[in-house]
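Me: I am new to this structure and would like a close look at one part of it. Please take me through that part slowly, and link it to what lies around it.

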Amino acid sequence: MIDVLVIGGGNAALCAALMAREAGASVMLLEAAPREWRGGNSSHTRNLRCMHDAPQDVLVDAYPEEEYWQDLLKVTGGLTDETLARLAIRASSTCRDWMRSHGVHFQPPLSGALHVARTNAFFMGGGKALVNAYYRSAERLGVQIRYNAPVDAIELDGSRFVAARIGGERIEARACVLAAGGFESNREWLREAWGQNERGEWPADNFLIRGTRFNMGVLLKHMIAQGADAIGDPSQSHCVAIDARAPLYDGGICTRIDCVSLGVVLNAKAERFYDEGEDFWPKRYAIWGRLVAQQPQQIGYSIIDAKAVGRFMPPVFPGVKADTLPELARKLGLDEATFIRTINEYNAACRVGKFDHTTLDDCHTEGVTPAKTHWARPIDTAPFFGYALRPGITFTYLGLKVNQEAAAHFGGKPSQNLFVAGEMMAGNVLGKGYTAGVGMAIGTAFGRIAGTQAARAAHTARHAGAAIQASREEEHATS
Ligand SMILES: Cc1cc2nc3c(=O)[nH]c(=O)nc-3n(C[C@H](O)[C@H](O)[C@H](O)COP(=O)(O)OP(=O)(O)OC[C@H]3O[C@@H](n4cnc5c(N)ncnc54)[C@H](O)[C@@H]3O)c2cc1C
């Protein structure tokens, strides 16, 4: 029998598999995707948010535990488990050497990336290179890897893991790590979670999925139905405003529109609806998908002028360009009169001080609702650009409740041999909101913990099994 079965094929699963194997366990990893699509959402990532008390290789200055924790507290509005959050934060300060030992390389951030040079370590080659390095290392260490292996059921004995099922096939193991992502790829479940709005619309029908198509939440649903304790609200997620022209799945990072804080965002009625300059973009980009989702037709329009060009990472599709504001309104299909009125009101309300996109500067509006509290400058310099925005779901926050050992809980009690990592439990730390790089921090910390604990549980089970066998043999010999 295999010691540790790891279900999933992204960062959390790979961290768990590698740790369990390093601890001496035999390990099998089951990835739902075919080899060429392996790695889940992790293959789309770029960086890891890291605590550090002093400059460390690619990270400048310091980002101490307390600041990291306060950032997390602020974005989640307190919907977080402090013990588990601090555990992930502390682990982020020491995991990079281990990651390097499995072939992951880091690089300083590209210029124009979010303001994260101090806080986030960037993967050289992105998340694709990271998962490829982990797969190579796992293969080298003797982890058995199976692709096209979507697990559809888990067999339990009370809260103990017994076996996983893929259709008619049954795979037993002494311990198991569930790291099969959220349910963001499951459009039906998203529809159910978001429901119908007051306008009679089903907002989720207009969502795009930024990452993998394989995170259908099959095991999440199955485990909750089997009595595993759940945590989080199914409608909460990391949801970003992305280019409306992005594909339904796997558009990845290059479809994100990062110029929101440099201009204004209008809805389908050509009206502003939120403070575009509320805070630094890495602390706010993940709320904009939800904001757009709440607007009529679930569409928004990010409008900038020539002054913003070169100050943000250009997205993959060029913006709609116009030499005049009326022309831009017409090209975007927005009501011209309302568009001009909205921009004129905003422009007149701008109190431009010393513009500095790297600080919470003093450029703000007065007398317009909603206010723009930083980086407010009139939109008055041709050419003008507009990007249509749709909500882009990154990952959902509904998950399974875990403790510091990453053990799944049933009726408030931890399982002895079933562990959970990554998106499947990120809701313990992220009740809502997000700050860039924390997804990989949670997945890396809890993936590593889950792998270690699963190996320990398997070791205990193996020895218990051997002791029972020995006593049976002794009984047999003396009878
Ligand atoms: C475009 C994009 C950019 C991102 N950028 C960043 C970033 O820079 N930094 C950051 O911290 N976070 C980022 N994130 C979030 C990050 O991807 C996640 O937090 C993290 O990857 C979660 O890792 P995971 O292993 O839990 O899930 P995933 O990497 O999604 O892995 C889940 C795996 O489970 C497999 N699976 C699903 N169901 C089953 C099943 N039934 N049986 C077997 N296998 C199954 C899937 O195929 C997949 O391999 C980004 C996400 C996206 C989409």
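What distance separates the centres of domain 1 and domain 2, taken over C-alpha atoms? Please start there, and then look closely at how the two domains share contacts and a core.

Reply: This is a predicted model, and in it the centres of domain 1 and domain 2, taken over C-alpha atoms, are separated by 34 Å. Domain 1 is made of the segments 2-182, 217-236 and 397-464, while domain 2 covers 240-392. To the contact between them, domain 1 gives 13 residues and domain 2 gives eleven residues. On the side of domain 1 that touches domain 2, six residues are nonpolar, five are polar and two are charged.

The core comes next. In soluble globular proteins, nonpolar side chains tend to be buried together. Here the largest nonpolar core has 146 residues, and those with the most contacts inside it are Val4, Ile7, Ala16, Val177, Ala421 and Ala454. Helix H12 provides the largest share of this core, namely twelve residues. Because domain 1 and domain 2 both give residues to the core, it lies between them.

Ala16 lets us follow this core at the level of one residue. If its neighbours within four places in sequence are left aside, Ala16 is in contact with Val6, Val177, Ala179, Ala421, Gly447, Ala450, Gly451 and Ala454. Of these partners, Val177, Ala421 and Ala454 are also listed, like Ala16 itself, among the residues with the most contacts inside the core.

The ligand brings some of these elements back into view. It is surrounded by 44 residues, of which the closest are Gly10, Gly40, Gly211, Gly422 and Gly439. Two or more residues of this shell come from each of helix H1 (11-22), strand E3 (47-49), helix H7 (218-225), strand E18 (384-396) and helix H12 (438-478). H12, with four residues, gives the most to the shell, and H12 is also the element with the largest share of the core described above. Sorted by class, the shell holds 19 nonpolar, 21 polar and four charged residues.

Strand E3, which gives residues to that shell, also belongs to an open sheet of three strands, ordered E3-E5-E4 and paired in antiparallel fashion. E3 and strand E4 (106-107) stand at the edges of this sheet and have a single partner strand each, so one side of each is left without a neighbour in the sheet. Between E4 and strand E5 (residues 120-123), which run antiparallel, there are two bridges, and Gln107 has Phe122 in E5 as its bridge partner.

Strand E18, another contributor to the shell, follows a loop with some backbone features of its own. In this loop, between strand E17 (364-365) and E18, lies Pro370, and the peptide bond from Thr369 to Pro370 is cis, with omega near -5°. Pro383 is found in the loop between E17 and E18 as well, and a cis peptide bond with omega of about 0° joins Ala382 to Pro383.

One further backbone detail belongs to Asp250, which is not a glycine and yet has a positive phi of about 60°. Asp250 sits in the loop between strand E12 (237-243) and strand E13 (264-267), and Asp250 counts as partly exposed because it has 18 C-beta neighbours inside 10 Å.

Note on methods
Residues numbered from 1 in each chain as written. Predicted model: local features only at pLDDT ≥ 70, side-chain atom pairs only at ≥ 80, totals over all residues. Near = placed C-beta within 6 Å. Nonpolar A, V, L, I, M, F, W, Y, C, P; charged D, E, K, R; others polar. Domains from an automatic or database assignment. Contact = placed C-beta atoms within 7 Å. Pairing = 2+ DSSP bridges. Buried ≥ 20, exposed ≤ 12 C-beta atoms within 10 Å, placed from the backbone. Core = buried A, V, L, I, M, F, W, Y, C linked by C-beta atoms within 7 Å.
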